Amino acid sequence: MGQTRAESLLRDGRAQIVQVYDVAVQPAAGHPVAASAQEIIDNPAIGSVFICATNEVNKPLTIAALRAGKHVFCEKPPAFTAEDVHDIIEAERASGRVLMYGFNHRHHGGVIKMKQVVDSGAYGRVLWMRGRYGKSVDGDYLKTWRADRARAGGGILLDQGIHMLDLFLHINGAPFDQVHALVSSRYWKIPGIEDNVFSIMRSSKTGVEVSFHSTMTQWRHLFSLEVFLERGYLVLNGLKTSSGSYGEEELTIAKNRATAPAANFASEERLHYATDTSWDREAEHFMDAVTLGMPVTYGNSSQALEVMSLIDRIYANDHTVSPVLHENLQMVRQER
């Protein structure tokens, strides 16, 4: 991710890469290599820091960089709990610096069009949404830091599901305060690392209801986001990525007609997004905030707090109370 971010920054043209650091960085990194993350934070020649690291260091590195007077871009998740994000926001406010999180999916072409259609009001208000986001992993996954709860903080929900939850919040424009969830690790059986999450949610403010499934036992990678409105619907299937593992990014749009069936295949319009420009859009958004003083509207700390609060609710409202996740649920409840 650090390499991807560096390439996007260089294409933007308003930044240069002064130093990089990684525990496994190669000598041929293409940029000067620091001896530690702290060396980068302490470097007076550096004005902005990108944190593309393992989950457990996101919070401490972000706070340290903000206190050192740096602008900060950090990958998701911002931390392990909403309470952690409150600590980060305190440091952000004291620093007066830009803080932005990598909720990259907001910058995908299909998602941008969905949000434009919803906000236009042309199809009326949103009635309900359904999101499925899943991937397939193998035994090698068990050897990585993502299978270590102390470093990852959770399983598929924090790893991938967080993106879908952020999109629900993005489209709804209000939190989901009624949450029912089933959280399990029945296949991989990694302590504290859930492999499936099913959740039903409702927003009291908008009345929108949501069905959500996040999984690492989807044997074929899948991304699907459906938004049904009073006078039409939007269905985004696939997500354009460099690997192509989620298929073609296709947005289907249809109007609700007066007679049943309200829509059919012939009445649908399909938009295809063949190029992933989300990384460059995200870099541009961050640099606009740093150099032009523009607000962070996608990925700000308030949005990070909202999505982490929702994740806390999902863990706390798990109705399976499986032995594997019991310790994780107790931790969330105690922090509340």
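These are my notebook entries on one predicted model.

**Overall build**

I began with the whole chain. I counted the secondary structure as ten helices and eleven strands. I then looked up the radius of gyration, which is 20 Å; the globule rule gives 20 Å for 336 residues, so the protein is as compact as a globular protein of that length. Along the principal axes, the C-alpha atoms fill a box of roughly 65 × 50 × 40 Å.

**Burial, surface and contacts**

I looked up the buried share next: 51% of the 336 residues are buried. For the accessible surface I noted about 15500 Å², with carbon and sulfur atoms holding 51% of that area. I also checked how far apart in sequence the contacting residues are. Of the contacts with a separation of 6 or more, 67% are between residues 24 or more positions apart.

**Annotated span**

I took one annotation from UniProt, where an unreviewed entry lists residues 112–234 as "domain: GFO/IDH/MocA-like oxidoreductase". In the model I found this span to be 24% helix and 39% strand. Its end C-alpha atoms lie 12 Å apart.

**Helix α5**

I checked the length of α5, residues 109–120. Twelve residues at 1.5 Å a residue should span 16 Å, and the end C-alpha atoms are 17 Å apart, so the two values agree. Which residues of α5 are buried? I listed G109, G110, V111, M114, K115, V117 and V118. I noted that the list includes a lysine, K115. Just after the helix, G121 has a positive phi of about 75°.

**Strands β5, β6 and β7**

I followed the pairing from β5 onward. β5 (residues 178–184) runs antiparallel to β6 (residues 196–202), and seven bridges join them. As one register point I recorded S184, whose bridge partner in β6 is N196.

I then went from β6 to β7 (residues 209–215); this pair is also antiparallel, again over seven bridges. Here I recorded V197, which has S214 in β7 as its bridge partner. β6 therefore pairs with β5 and with β7.

How many residues lie between β6 and β7 in their hairpin? I found six. In that turn, G207 takes a positive phi of about 80°. I set this beside G121, the glycine just after α5, where phi is also positive.

For reading side chains along these strands, I kept one general point in mind. In a regular strand, side chains alternate between the two faces of the sheet.

Terms used
Residues numbered from 1 in each chain as written. Predicted model: local features only at pLDDT ≥ 70, side-chain atom pairs only at ≥ 80, totals over all residues. Heavy atoms only, no water. Helix = DSSP H or I, 4+ residues; strand = E, 2+ residues; numbered from the N terminus. Expected span 1.5 Å × (residues − 1). Buried < 20%, exposed > 50% of the residue type's maximum accessible area, 1.4 Å probe, protein only. UniProt positions renumbered as here; feature names shortened; annotations may be inferred. Rg over C-alpha atoms; globule rule 2.2 N^0.38 Å. Contact = heavy atoms within 4.5 Å. Areas by Shrake-Rupley, 256 points an atom, 1.4 Å probe, with all protein chains shown as cover. Pairing = 2+ DSSP bridges.
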